[in-house]
Amino acid sequence: MAAEDPGPTGQDVFVLRLYVTGTTARSTRAIANLRELCEQHLPERYDLQVVDVYQQPELAAREQLVAVPTLIRQLPLPLRRLVGDLSNRQRVLAGLDLSVISS
Amino acid sequence: VNDSGEPTLDQLRARLAEAEETLQAIRSGAVDAVVVDGPDGPRIYTLKGADEPYRILVERMQEGAVTLGEDGTVLFANGSFASLVTAPLEQVIGGALDRFLPEHEQPRFAALLQEARSVSVRQEFTLRRADGGEVATLLSLGPLPAEDDGLVISMIASDLTEQKRTEQVVAAERFLRSILEQATEPIVICDAAGTVTHASQAALALSGPDLIGRSLVQALAVFPPGSADGQGPGLGLTGRLGEVLGGRMLSGLEVSLTGEGNARHYLLSAGPLYDARDQVVGCMVMLTDITARKRAEEHQQVLLAELSHRVKNTLASVRAIAAQTLRTAPSVEAFQGAFEGRLKALALAHGLLTQTGWSEADLGELIRQTVLPYLTKRTDSVSLSGPTTYLPPRQVVTMMLVMHELAINAAKYGALSRENGHVTIAWAIDRQGSERVLHLLWTETGGPPVRPPERTGFGTTLIERSIAHELEGSAVLEYRPEGLVCELQFPLRGSARDLLREAENSAEQLRSDLESRTQS
């Protein structure tokens, strides 16, 4: 496993796409949680775009979304998906392979 | 199912296919609701919520709608806000709102955000757009009830560009009006169709109060046809104004207003007015009053003609004096002395007239200046008495020469040649019909005994002839033994000042007459 997926290094830029639905509580919570986490663990080296699937359905279509909110880590590879309001910090860090770096 | 009770690979494949089919059905919109297990049993989530109309309303509204986290993170923004700040929507949501505010405005916004946690507030901000431009906005912020305990702040951003532009237009209009109100020159502004939209007070005074709304061509009809100088063939004022609306400048066209005795002259300048897209939206016509300049030019022409006239007259006088002096002088030396003296008298007359702008000269002053050079012994040997009298230029020159002859004669042979000699010069004005006649008596006493001259010299000739011819009067020279007596009389061809005084006297007379009649 480690050989196939070496995991991100301290220099990688994270390209993150978060898909939300308008102003719902889960969506706004997801944004707030993710912003705080990125500022803390990835200062100056993350590119976050938040897509409101209500307003920009065309941007959501290509991602084969099943549920929203969904966070997709586009870079570094491999692609990772996390569903939910991202309130479980440890799960998010693990899902993004960030626990290794930050520890 | 195999012996150990685990699903076979085929069964797993079937489940996977079923799961994918289910997902596909949800994704493609083939289901209306999903069933989700909750702590109290399954819950139904319809895929279109009851709040959808409100959501669409927010998405489609003209104003920018944003929800912000407590720290200013954009949690939601509609398309209008993204357009307002010219950034892709996905780059607006999730970022800090601060990036759309100039640095110096960020503390003010932070304070507003803090306040908006409890009350609704609004302030104007100029947002910095992603394309580098700026946009004036009114930001209205207030707390939003959130589903959980967190705090969300709503923000509505209204574009003030149009309002600002309107305010600028109003301010520019007010600015223009105040300029026009204070302009002392007639200024007219018209639109692209040639209709007058604005006019200065001076223009209204010139053209009448109903100027606004009329066509410029009508407005300029106050200038009679042909009053504009320098019109090209077939190209009148109207044609020229057409050219101005086509974008050409027009300057230095002289136009005149003929009035009863007070013609006014103007220099007409006109230029096109442009809007922000360089389209001609009208023109401005300005008239500069050059009446005073024109009068000065005319006056200068008159002066030049007058100067030429005077030089000719003076040369004629000099020639006559030279010829007469030559005829009567016994020697070259005598000629030189007499000629110089007479030229000096002529120069004195010119000097006196120049002081008054060649309009008139005071008779008393004239006599004083003439006899002064001969008062070598006593200054009180001459006495003058008479009313203040002003002589017009032609009479000044003649009188100066006459007085000179009398004075030089008195100094050589008469009263002024003796220490106790005395000359009395007295004059009075007598009214004869419509004319005023000057009587002047030159009386010498205390001089040597007088004998009539053996032959008539230049002096006598000049006195008698010039008084008769130049002044249309008479001169009588009486050689009494005790001294010469010369009596002159001639009509005063009134100087401007005399006429004025006369008019004032008449008016005063009328007034007192009137008063005495009303009293009786």
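These questions and answers cover the cores and one helix pair of a predicted model.

Visitor: Which helix gives the largest share of the largest nonpolar core?
Guide: This core has 50 residues. Leu18(A), Leu68(B), Phe81(B), Phe109(B) and Leu141(B) touch the most other members. The largest share, 5 residues, comes from chain A, from helix H1 (residues 25-41).

Visitor: How many residues are in the other core?
Guide: It lies apart from the largest one. Its members include Met400(B), Ala410(B), Ile425(B) and Ala475(B). The count is 46 residues.

Visitor: Which residues does Phe109(B) contact, leaving aside neighbours within four places in sequence?
Guide: Phe109(B) is among the core residues that touch the most other members. Its contacts include Asp98(B) and Met155(B). The others are Leu68(B), Leu97(B), Leu101(B), Phe125(B), Leu139(B) and Leu141(B).

Visitor: What length does helix H11 of chain B reach from its first C-alpha to its last?
Guide: H11(B) spans residues 332-355, 24 residues. At 1.5 Å a residue, 34 Å is expected. The model comes close to that, at 35 Å.

Visitor: Are H10(B) and H11(B) roughly parallel or antiparallel?
Guide: Their axes come within 10 Å and cross at roughly 155 degrees. Angles over 145 degrees count as roughly antiparallel. The pair is therefore roughly antiparallel.

Visitor: Is the crossing of H10(B) and H11(B) left-handed or right-handed?
Guide: On the H10(B) side, the contact includes Thr314(B), Val318(B) and Ile321(B). On the H11(B) side, it includes Phe335(B), Phe339(B) and His350(B), which are buried. The crossing is right-handed.

Terms used: Residues are numbered from 1 along each chain as its sequence is written. Chains are lettered from A and ligands numbered from 1 in the order in which they are written. This is a predicted model: local features need pLDDT of at least 70, side-chain atom pairs count only at pLDDT 80 or more; totals for chains, interfaces and linings use all residues. Side-chain values use heavy atoms; hydrogens and water are left out. A nonpolar core is a set of buried Ala, Val, Leu, Ile, Met, Phe, Trp, Tyr and Cys residues joined through side-chain atoms within 4.5 Å. Buried means under 20% relative accessible area, exposed over 50%, partly exposed in between (1.4 Å probe, protein chains only). Helices (H or I, at least four residues) and strands (E, at least two) are DSSP runs, numbered from the N terminus. Contact means heavy atoms within 4.5 Å. The expected span of a helix is 1.5 Å times one less than its number of residues. Axes are lines fitted to C-alpha atoms, for helices over the stretch in contact, and angles run from 0 to 180 degrees between N-to-C directions. Angles under 35 degrees count as roughly parallel, over 145 as roughly antiparallel, 65 to 115 as roughly perpendicular and the rest as oblique. A crossing is left-handed if the near helix is turned anticlockwise from the far one by less than a right angle, and right-handed if clockwise.
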